[in-house]
Amino acid sequence: FDRDGSGRLARTREGGHHRHRVVHAGGDATGAEVLRALGVAAADLTWWHDTRVVGLTRGVGAKGAQVTGAWLDGPAGARLVRSRAVVLATGGIGSAYAVTTNPAGVTGDGLALALLAGATLRDMEFVQFHPTALHTGARHGQVPLVSEALRGEGAVLRDHGGRSLMAGRHPLVDLAPRDVVARAVHEVMTAAGRDHVWLDATTVPDVLRRFPTIAATCAEVGLDMVREWLPVSPAEHFLCGGVATDRWGASDVPGLYAVGETAATGVHGGNRLASNSLLEGLVFGRRTAARLALELPEAVGHELPTASLVPDPRAADAVRRAMSVHAGIVRTGEGLNQASVALADGLCQDPTWLVASAVVAAATAREESRGAHFRADHPVTSDRWRRHVSVRLDERGVPCAGVDTAVARVA
């Protein structure tokens with residue numbers, strides 16, 4: 001990680017931060033450095049490339065049905081891998097929305113596999129939108145992320161009149177929590193009939209050295225961040241909910257575990273603080289590994305396959321359109337009902353359809369606004385809604401939501 005002039009870890013600020021707390025590497029190439037280090041640490045693992053998990057298997061143990069392995073589909077064809085534990089670590093649900101900061105492979109497969117195995121999803125309504133993705137004109141797929149650290153170093157969001165967009169909206173101004181900034185950007189864009197706002201980074205000191213990755217990305221589309229304002233707009237970024245787990249990564253299906261963005265540990269509440277996803281992955285990934293090193297579920301036979309994932313590319317555009325219009329930054333009961341109608345004819349085993357339907361069901365159930373979930377028809381946060389919303393499959397294989405009776409607590 002980068003160091004300051006005294007040799008100490010260099011830190012910056014992002015959304016919702018009151019102190020400089022985020023370490024970074026190579027200026028803004030932290031992700032690449034994390035992947036490099038993980039690749040070195042994982043050199044002795046067996047990897048199956050270009051391979052997809054299409055289903056899980058279950059057997060019957062002392063605690064009832066439990067996961068006993070996974071079916072893989074890859075270049076060598078289908079194969080069964082038997083295991084006393086399966087850990088899902090497939091990220092979030094970016095492909096359920098038209099525009100996202102996530103790579104194309106983030107299709108919610110882990111969440112869909114968990115549902116098909118009988119597991120519970122939790123807090124799926126809390127979908128975080130990053131307020132500053134680079135607006136390239138793309139109408140679908142992955143778009144470049146313009147790090148909040150730019151605003152942490154002094155960049156300013158501006159409307160089309162050149163005015164500070166966040167002035168007077170929040171005490172932290174441009175570093176307000178992500179839900180606040182994303183809604184403000186959405187409001188300004190909607191009022192102006194524009195598809196983006198501006199990020200002014202021209203006054204950030206030594207911006208090319210500090211943010212070489214963003215500078216290179218801008219240069220690829222003909223933008224000079226030293227001299228020009230950058231067009232930015234919100235994009236789907238992070239799922240705060242996921243597979244309901246305990247403090248050691250275990251789901252409510254024996255033998256099935258989840259970590260990272262796939263899991264709902266509770267630590268993010270309704271609106272993740274910037275940079276805490278990596279911390280969650282480190283802490284709960286390590287805890288899950290420690291638990292499994294000490295105690296694995298019993299070995300059982302008689303594997304029966306769960307329903308398999310059946311991706312349906314034909315439905316993808318309809319799902320993304322419905323989610324982006326009706327289950328995005330601002331939601332209403334009427335809009336969520338329209339999304340539900342649009343999703344009604346989907347294939348129940350398509351992963352994108354499953355996770356999208358789970359979000360819509362949870363967002364419909366939560367009739368308040370909290371964190372990343374904003375209902376224009378229920379704009380107030382209410383203590384009586386300090387509950388988790390859980391999603392399970394009904395007898396038809398359709399995600400259905402229910403409100404937990406216990407008061408929600410951080411895991």
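This is a chat about the folds and hollows of a predicted model.

Biologist: What am I looking at, and how many helices and strands are there?
Modeller: A predicted model of a protein chain. Its secondary structure comes to ten helices and 19 strands.

Biologist: How far does the chain span along its principal axes?
Modeller: The C-alpha trace spans about 65 × 50 × 40 Å.

Biologist: And what does the radius of gyration agree with?
Modeller: With a compact globule. For 411 residues, such a globule would have a radius of gyration near 22 Å, and this chain has 22 Å.

Biologist: OK, sheets. Which strands make up the open sheet of four?
Modeller: The order is S5-S4-S3-S17. The pairing is antiparallel.

Biologist: Which ones sit at the edges?
Modeller: Strand S5 (77–82) and strand S17 (304–305). Each pairs on one side only.

Biologist: How many bridges hold S3 and S17?
Modeller: Two. S3 covers residues 52–61, and the pair is antiparallel. Look for threonine 57: its bridge partner in S17 is proline 305.

Biologist: What about the open sheet of five strands, what's the order there?
Modeller: S16-S14-S8-S18-S19. The pairing in this sheet is mixed. Strand S16 (263–264) and S19 are the edge strands, each paired on one side only.

Biologist: Where do S8 and S14 lie in the chain, and how do they run?
Modeller: S8 is residues 121–122 and S14 is residues 242–244. They run antiparallel, joined by two bridges. Leucine 121 has valine 243 in S14 as its bridge partner.

Biologist: And S18 with S19, how many bridges?
Modeller: Six, again with the strands antiparallel. S18 spans residues 387–393 and S19 spans residues 399–407. Arginine 392 stands opposite cysteine 400 in S19.

Biologist: How many residues lie between those strands in the hairpin?
Modeller: Five. Glycine 397 in that hairpin takes a positive phi near 85°.

Biologist: Where do side chains point in a strand, generally?
Modeller: In a regular strand they alternate between the two faces of the sheet.

Biologist: Which strands does helix H10 lie across?
Modeller: S8, S18 and S19. H10 is residues 351–365, and it runs at about 45° to S19.

Biologist: Switching to hollows. How many cavities of 30 Å³ or more are there?
Modeller: The count comes to one. About 60 Å³ of space lies in the largest cavity.

Biologist: Which residues line the largest cavity?
Modeller: Val127, Gln128, Phe129, Asp179, Ala182, Arg183, Asn271, Ile329 and Ala372. Strand S9 (127–134) and helix H4 (178–192) each supply at least two residues of that lining.

Biologist: How does the lining divide by type?
Modeller: Five nonpolar, two polar and two charged.

Biologist: Now pockets. How much space lies in the second largest one?
Modeller: About 830 Å³. It is lined by 28 residues. The closest to its centre are Ala98, Val99, Arg139, Pro234 and Ser324.

Biologist: Which element gives the most to that pocket's lining?
Modeller: H8, with five residues. H8 is the helix at 313–326. S9, H4 and strand S13 (230–239) also supply at least two residues each.

Biologist: So where have I met S9 and H4 before?
Modeller: In the lining of the largest cavity, where each supplies at least two residues.

Biologist: Last one: how does the lining of the second largest pocket divide?
Modeller: Into 14 nonpolar, eight polar and six charged residues.

Terms used:
Residues numbered from 1 in each chain as written. Predicted model: local features only at pLDDT ≥ 70, side-chain atom pairs only at ≥ 80, totals over all residues. Heavy atoms only, no water. Pairing = 2+ DSSP bridges. 1 Å grid on protein atoms, 1.4 Å probe; cavity = no way out; pocket = protein on both sides within 12 Å on 5 of 7 lines; lining within 4 Å. Points joined across faces, edges and corners; volume = space filled by probe spheres on them. Nonpolar A, V, L, I, M, F, W, Y, C, P; charged D, E, K, R; others polar. Contact = heavy atoms within 4.5 Å. Axes fitted to C-alpha atoms, helices over the stretch in contact; angles between N-to-C directions. Rg over C-alpha atoms; globule rule 2.2 N^0.38 Å.
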